[in-house]
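Hi,

Here is the structure I promised to pass on. Have a look at it first, and my notes on what turned up are underneath.

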Amino acid sequence: AERKVINKTSNSLSKMIHDVNPEASWVLTGWMIGYQRWIWDLDAWKALVDGLVDKDKFIIIDAAEDYNEAFWKNGTNWEHFEGFGVNWIYSTIPNMGGNQGYTGPLQWYAKAGPDALKSKYNKNLVGYGTSPEGLESNPVTYELLADMGWRELDMPFDEWIENYTLNRYKFFNEGIKKYWDLRVNSINSHLDDHPI
């Protein structure tokens, strides 16, 4: 019964969008499909996709992949939903709520985007993004995410952090290296939900 409701709702919404503007796309922010896995299993997702009037006019922003990995610990959405069956954008939310505080698993961010590109479910991957809430509170995280959006391959994190430091502060030494090692293994080794 729930699958029929999802299918019918998806069909009705996509038909309304299409009727108003046949060129318009329905863009869905999908953090809830990772957070609410008790609702959004593969069958529920397929019911939504099967109800679409035009699958090419639907894009899911696979937001909160960092939450899936580091906080909810339920794996990637693109694997769980087998590539979604529609166009999708890989995306993160490193600072949900835009609060102050250094948080975010930097080493994970350095490899997660390239992992999506290498996935067997990348057929419909059409973009890379992040929700820049609290953009100015943790610049290294957003610098790293912006940089990773231009890469297809992993880059050694130690090399990246040294280049980041040189570009930002014009020098890098053993004291700075120790600072980054401590930070990466403490506050930037995990993701805090709604940091203070």
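E2, R3 and D41 are linked in a network of salt bridges. Before going further, bear in mind that this is a predicted model. Within the network, E2 and R3 pair up with N to O at 3.6 Å, and R3 also bridges to D41, where the closest N and O atoms are 2.8 Å apart. That R3–D41 pair links distant parts of the chain: R3 belongs to helix α1, D41 sits in the loop between α2 (31–35) and α3 (42–50), and 38 residues separate them. As for exposure, E2 is exposed at 58% relative accessible area, while R3 is partly exposed at 29% and D41 is partly exposed at 26%.

The whole structure has 7 salt bridges. Another one of them joins the side chains of E23 and K57, at 3.7 Å from N to O. This pair also ties together distant parts of the chain, with E23 in the loop between α1 and β1 (26–29) and K57 in the loop between α3 and β2 (58–62), 34 residues apart. E23 is exposed, at 62% relative accessibility, and K57 is partly exposed, at 24%.

K57 turns up again in the cavities, so to speak, as one of the residues that line the largest cavity. How many cavities of 30 Å³ or more are there? The count is 2. The largest has a volume of about 80 Å³, and its lining includes S14, I17, H18, W26, D54 and F58. Helix α1 (residues 2–20) gives the most to that lining, with 3 residues. By class, the lining of the largest cavity has 7 nonpolar, 2 polar and 2 charged residues.

The second largest cavity comes to about 30 Å³. P94, N95, G101, T103, N138, T141 and Y142 line this one, and the split there is 2 nonpolar, 5 polar and no charged residues.

One last residue to look at is D66, in helix α4 (residues 65–70). What is the nearest side chain of opposite charge to D66? It is R37, 12 Å away, and D66 is buried with no salt bridge. Leaving aside neighbours within four places in sequence, D66 is in contact with F71, T92, I93, P94, W108, Y109 and L191. Among these contacts is P94, which also lines the second largest cavity.

Cheers

Terms used:
Residues are numbered from 1 along each chain as its sequence is written. This is a predicted model: local features need pLDDT of at least 70, side-chain atom pairs count only at pLDDT 80 or more; totals for chains, interfaces and linings use all residues. Side-chain values use heavy atoms; hydrogens and water are left out. Helices (H or I, at least four residues) and strands (E, at least two) are DSSP runs, numbered from the N terminus. Buried means under 20% relative accessible area, exposed over 50%, partly exposed in between (1.4 Å probe, protein chains only). Lys and Arg count as positive and Asp and Glu as negative; His and the chain ends are not counted. A salt bridge is a side-chain nitrogen of Lys or Arg within 4 Å of a carboxyl oxygen of Asp or Glu. Contact means heavy atoms within 4.5 Å. On a 1 Å grid over the protein atoms alone, a cavity is a set of points where a 1.4 Å probe fits but cannot get out, and a pocket is an open set with protein on both sides within 12 Å along at least five of seven lines; lining residues have an atom within 4 Å of a point. Grid points are joined across faces, edges and corners, and a volume is the space filled by probe spheres set on the points. Ala, Val, Leu, Ile, Met, Phe, Trp, Tyr, Cys and Pro count as nonpolar, Asp, Glu, Lys and Arg as charged, and the others, Gly among them, as polar.
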